[in-house]
Amino acid sequence: MKVLMVLTSHDKLGDTDHKTGFWVEEFAAPYYVFTDSGVDVTLASPKGGKPPIDPNSTTPDAQTEATERFEKDETAQHKLETTCKLDEVDPEGFDAIFYPGGHGPLWDLTNNEHSIKLIEHFWSKGKPVSAVCHAPAVLLNVKTPNGDPLVQGRTVTGFSNSEEAAVELTDVVPFLLEDELTAKGGHYRKVDDWQAYAVQDGMLITGQNPASSEQTAQRLLDVLRASL
């Protein structure tokens, strides 16, 4: 089994002086769910090379077993430093696509034509598409083969309005993910802030927040095992 993980290349948090990027836990937890099960993982990003890490995801209170493992894993760190460019990816070689979150994807992956085409290719081939936390934003401009928004009529989740308010970024982000998923016709669902929650609707699997990363990846793995 081969999974393509796509990370953000965006490191600026709106018009502030703060940095952003991808959230380490949302990469590390799924990465180990996959690799510990023998999945071959390829990493990609819009610009290639090392994607920016959100500094807030490296603070002591944000650490988990997976992030601590990643810190000591030279192989995984090398893979992260050498991601391939998104426009050079051949989707035919992969069984599924997974997007870790962090605020970065709101800016550079939501409207990225290469990302949109990749997701549309996976979807048209009946292959699983998965994203966690802010990364379901990558689905907003994706269409099904008949031209409908991919999330239309499908159960989805992602970083909630109340969670965005809790981190005091409601007025910084370009849009509120919960609102946009709903506006595209998605049946948005959530649980209490910061609790693990992942939903599956056919081949679409989404997770609400960082705590949902492992559960989201495990659901994707279960789908892969059942379909191969």
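Phe27 is buried, with 0% of its relative area accessible. This is a predicted model, and Phe27 takes part in two of the ring contacts described below, one with Phe70 and one with Phe22. A cluster built from ring pairs takes in Phe22, Phe27, Tyr31, Tyr32 and Phe70.

**Phe27 and Phe70**
- The rings of Phe27 and Phe70 meet edge-to-face, with centres 5.5 Å apart and planes at 80°.
- This contact joins distant parts of the chain, since Phe27 belongs to helix α1 (residues 24-35) and Phe70 to helix α2 (residues 65-71), 43 residues apart.
- Phe70 has a relative accessibility of 3%, so Phe70 counts as buried, the limit being under 20%.

**Phe22 and Phe27**
- How many aromatic pairs are there in the model? The count comes to six.
- Among them is the pair of Phe22 and Phe27, which is edge-to-face, at 5.9 Å centre to centre and 75° between the planes.
- Is Phe22 buried or exposed? Phe22 is buried, because its relative accessibility is 0%.

**A charge over a ring**
- Which residue lies over the face of Phe122? Lys127 does, at 5.8 Å from the ring centre.
- That distance fits the cut-off for a charge over a ring, because NZ of Lys has to be within 6 Å of the ring centre.

Technical notes: Residues are numbered from 1 along each chain as its sequence is written. This is a predicted model: local features need pLDDT of at least 70, side-chain atom pairs count only at pLDDT 80 or more; totals for chains, interfaces and linings use all residues. Side-chain values use heavy atoms; hydrogens and water are left out. Rings of Phe, Tyr and Trp (its six-membered ring) pair if their centres lie within 6.5 Å; planes under 30 degrees apart count as stacked, over 60 as edge-to-face and the rest as tilted. Buried means under 20% relative accessible area, exposed over 50%, partly exposed in between (1.4 Å probe, protein chains only). Helices (H or I, at least four residues) and strands (E, at least two) are DSSP runs, numbered from the N terminus. A charge sits over a ring if NZ of Lys or CZ of Arg is within 6 Å of the ring centre and within 35 degrees of the ring normal.
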